[in-house]
Amino acid sequence: MNAKYTLLAVDDESLNLLLLEKTLKNQYRVLTALSADEAWLLLDKNPVDLVLLDVSMPGTDGFTFCERVKKESRLKDIPIIFLTAFSDTENIVKGLEIGGNDHISKPFVSEILKSRIQIQLKIVEHIRNQEEVQRNFFQVARLASVGTLSAGIAHELNTPLAIITAYATKLHEQILENNFDKEESSNTIDTVLRMAERMRKIIAYVREFADYKKDQQDSATDLNEVIESTLLLFKQQFADRQITETLQLTSGLPKIQINRGKFEFVIQNLLLNARDAFDQFEPATAKNITVTTARVTDSPNLVITVKDNGKGISKVYLDKLFDPFFTLKEVGQGTGLGLSIIYSIIKAYGGAISVKSEENGGTIVQASLPLQMP
Ligand SMILES: Nc1ncnc2c1ncn2[C@@H]1O[C@H](COP(=O)(O)OP(=O)(O)O)[C@@H](O)[C@H]1O
Ligand SMILES: [Mg+2]
């Protein structure tokens with residue numbers, strides 16, 4: 001039999017397990033465990049789609065086992081159906097409170113058991129599909145922003161390269177003419193090395209960013225560092241447009257557990273939007289983009305702000321900004337996915353995002369992330 005789903009039945013009565021197995025084995029692969037500890041080992045070694053769990057068992061009881069499963073991020077989405085010996089309201093409520101997904105009273109009626117299992121598996125399937133869609137969606141959007149950025153990357157590299165070439169040529173001439181000042185030459189070499197370092201950083205960033213296979217895992221991330229390296233990709237584009245950037249990064253912020261690629265996406269897209277806010281728009285004062293990070297006092301949040309004095313957004317559109325595919329840019333310029341994906345990333349980490357903007361009055365986007373991820 002080629003069963004699509006694996007169920008794990010846990011009960012200290014072997015007779016109950018036999019009965020469950022007999023009822024379900026035609027439709028599912030059924031694993032059985034006579035204790036919570038045995039079940040834990042099985043969960044570790046097998047991909048399990050649903051757990052049928054007895055409440056009272058010697059040793060670790062069903063409730064404790066359920067709590068353990070729901071605490072483990074790898075396992076927490078596996079639905080658990082409690083098998084309660086009697087219609088004990090108190091236990092049923094407790095089971096649901098600690099994260100159980102449903103309950104069935106023993107002795108069970110096969111048809112009811114089967115249909116309750118089917119309902120839970122349908123929910124699982126639905127969640128998996130959604131996650132898949134989201135993953136694909138993110139990859140597509142990521143590709144789109146790589147596309148937008150890559151045009152700029154050559155440019156970002158060309159400037160330091162031009163400076164290196166000019167300085168090295170000058171130095172070479174001076175050496176040939178045997179006419180050079182030690183201090184001046186040392187300064188020249190300093191600049192050459194600084195430019196080379198800038199190029200190295202840009203290349204490292206691009207290489208890291210372009211690595212799609214990079215595991216989509218969360219890791220302790222220094223937000224300031226991501227912001228600084230992302231900005232490297234924009235320096236030249238900003239300079240070309242006479243946009244100055246101001247960084248107000250609070251030092252010593254704690255690292256947070258986040259997927260680096262996703263946070264890069266957030267910063268890149270906020271900077272792209274801020275850059276585009278100056279297209280066909282001249283503010284009264286000098287064009288500026290300010291990026292701030294701060295820890296809010298008395299709150300477990302880190303706040304990241306990207307502020308520009310660009311064209312702003314008319315009130316009419318403010319509540320549409322986070323809608324997928326909403327864009328005011330010309331065809332080919334915008335996908336309308338930036339803010340909607342940023343929104344789902346920030347939400348997924350338990351944070352919040354808001355936009356304050358006025359037509360011709362600039363825009364402030366503020367995202368907050370909790371230090372302790374959910
Ligand atoms: N900083 C900003 N200044 C002005 N308008 C902005 C800014 N950020 C976003 N917007 C508006 O919100 C729209 C949606 O942004 P986004 O979801 O990133 O999609 P896209 O940039 O591809 O259009 C943009 O088209 C733009 O009109
Ligand atoms: Mg955008």
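**View 1. Five strands form an open sheet with parallel pairing, in the order β2-β1-β3-β4-β5.** Strands here are DSSP runs of E, at least two residues long, and helices are runs of H or I, at least four long, both numbered from the N terminus; two strands pair if DSSP finds at least two bridges between them. β2 (29-33) and β5 (102-105) sit at the edges with a single partner strand each, so one side of each has no neighbour in the sheet. On average, neighbouring strands are turned by 20° against each other, direction ignored. (Axes are lines fitted to C-alpha atoms, for helices over the stretch in contact, and angles run from 0 to 180 degrees between N-to-C directions.) What you're looking at is a predicted model: local features need pLDDT of at least 70 and side-chain atom pairs count only at pLDDT 80 or more, while totals for chains, interfaces and linings use all residues. Residues are numbered from 1 along each chain as its sequence is written, with chains lettered from A and ligands numbered from 1 in the order in which they are written.

**View 2. Here β4 (residues 80-84) meets β5.** The two pair in the parallel sense over four bridges, and Leu-83 stands opposite Ile-104 in β5.

**View 3. Two helices lie across strands of this sheet.** Helix α2 (residues 36-45) crosses β1 (6-10) and β2, at about 165° to β1. Helix α3 (residues 62-71) does its crossing over β3 (50-54) and β4, running at about 155° to β3.

**View 4. Another open sheet of five strands runs β7-β9-β10-β12-β11, this time with mixed pairing.** The edges belong to β7 (244-249) and β11 (352-357); each has a single partner strand, so one side of each is left without a neighbour. Further in, β10 (residues 301-308) and β12 (residues 363-370) pair in the antiparallel sense over eight bridges. Along that pair, Leu-302 stands opposite Leu-369 in β12. Helix α9 (residues 260-276) packs on the sheet, touching β9 (288-295), β10 and β12. Helix α10 (residues 338-348) also packs on it, touching β11 and β12. Contact means that C-beta atoms, placed from the backbone, lie within 7 Å.

**View 5. Ligand 1 has 22 residues around it.** A residue counts if its C-beta atom, placed from the backbone, lies within 6 Å of the ligand. The closest are Asn-273, Thr-327, Leu-328, Gly-334 and Gly-338. α9 and α10 are the elements that give two or more residues to this shell.

**View 6. Val-306 has plenty to touch.** Leaving aside neighbours within four places in sequence, Val-306 is in contact with Leu-270, Leu-271, Ala-274, Ile-289, Val-291 and Val-365.
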